[in-house]
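Student: I am new to this structure. Please take me through one part in detail: the pockets.

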Amino acid sequence: MTEAAERKMRFLYALRSKGVTDARVLTAMEKIDRGAFVTGLFADRAYEDMPLPIACGQTISQPSVVGLMTQALEVGPRDKVLEVGTGSGYQAAILSLLARRVYTIDRHRRLVHEAEGVFRRLGLTNITAIAADGSHGLPDQAPFDRIIVTAAAEDPPGPLLAQLREDGIMVLPVGQSDTVQSLIKVTRRAHGYDYDELRPVRFVPLVEGLAQD
Ligand code: SAH
């Protein structure tokens, strides 16, 4: 077996052992090379199950957490998905193989620009990346079938709850940024929202406003 094939096998094994069992999610994560999203000093650690630093003082999430969040989101092939927190673009790329269309927002223009470059190189044409404050959502494209937030807020942002379609699902970390946060799954029902707590996680904070870079 080549070194690359062995590395991929270990990567997928780590995902399964941490509870990522959905076949469609595993297939998408097998296809999207995390190495394409990690550059510089940490490039050789792209296949390890750990978060890594990216530009603008942000992080690319741990692969098993990406897998568990994607699995909890229950994305279908006709779904229109909103991601808040583009970061490296890795999570959006995985979603793009599972959904019809993905909108992803980051407050750092530089991250949006770099992620767009990777999407282009990988031939992912159903992702729209936007530089903006994602806590307001994307009213023009609402409602969304699925919403995923990859930065932690104290509570689910009201505009995002409002932009979720009935029977839609939103997955996000909530809690204070300097403590352990909870990953929660919100399902919109006809007369309100159901909340499920999934597991403890640690994400960078959701910050208001567009960044300088
Ligand atoms: N999903 C990313 C990881 C995201 S890290 C990946 O797969 O690599 C969290 C990201 O959320 C950071 O890039 C940060 O800039 C962004 N962020 C924080 N607050 C934000 C806000 N209000 N609107 C949009 N993006 C925000």
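Tutor: Here is a look at two pockets, one after the other.

The model is predicted, with local features needing pLDDT of at least 70 and side-chain atom pairs pLDDT 80 or more, while totals for chains, interfaces and linings use all residues. Residues are numbered from 1 along each chain as its sequence is written, and side-chain values use heavy atoms, without hydrogens or water.

Start with the largest pocket (an open set of points on a 1 Å grid where a 1.4 Å probe fits, with protein on both sides within 12 Å along at least five of seven lines). Its volume, the space filled by probe spheres set on the points, is about 390 Å³. The lining (residues with an atom within 4 Å of a point) has 29 residues. Closest to the centre are G85, G87, D106, T150 and A151. Now look at the elements (DSSP runs: helices H or I of at least four residues, strands E of at least two). Strands β2 (59-60), β3 (80-84) and β4 (101-106) each supply at least two lining residues, and so does helix α4. By class, the lining has 12 nonpolar, 13 polar and four charged residues. Asp, Glu, Lys and Arg count as charged; Ala, Val, Leu, Ile, Met, Phe, Trp, Tyr, Cys and Pro as nonpolar; the others, Gly among them, as polar.

Next, the second largest pocket. Its volume is about 260 Å³. Fifteen residues line this pocket. Nearest its centre lie F37, V38, T39, S88 and E114. Helix α5 (residues 109-122) gives the most to this lining: six residues. The lining here divides into nine nonpolar, three polar and three charged residues.
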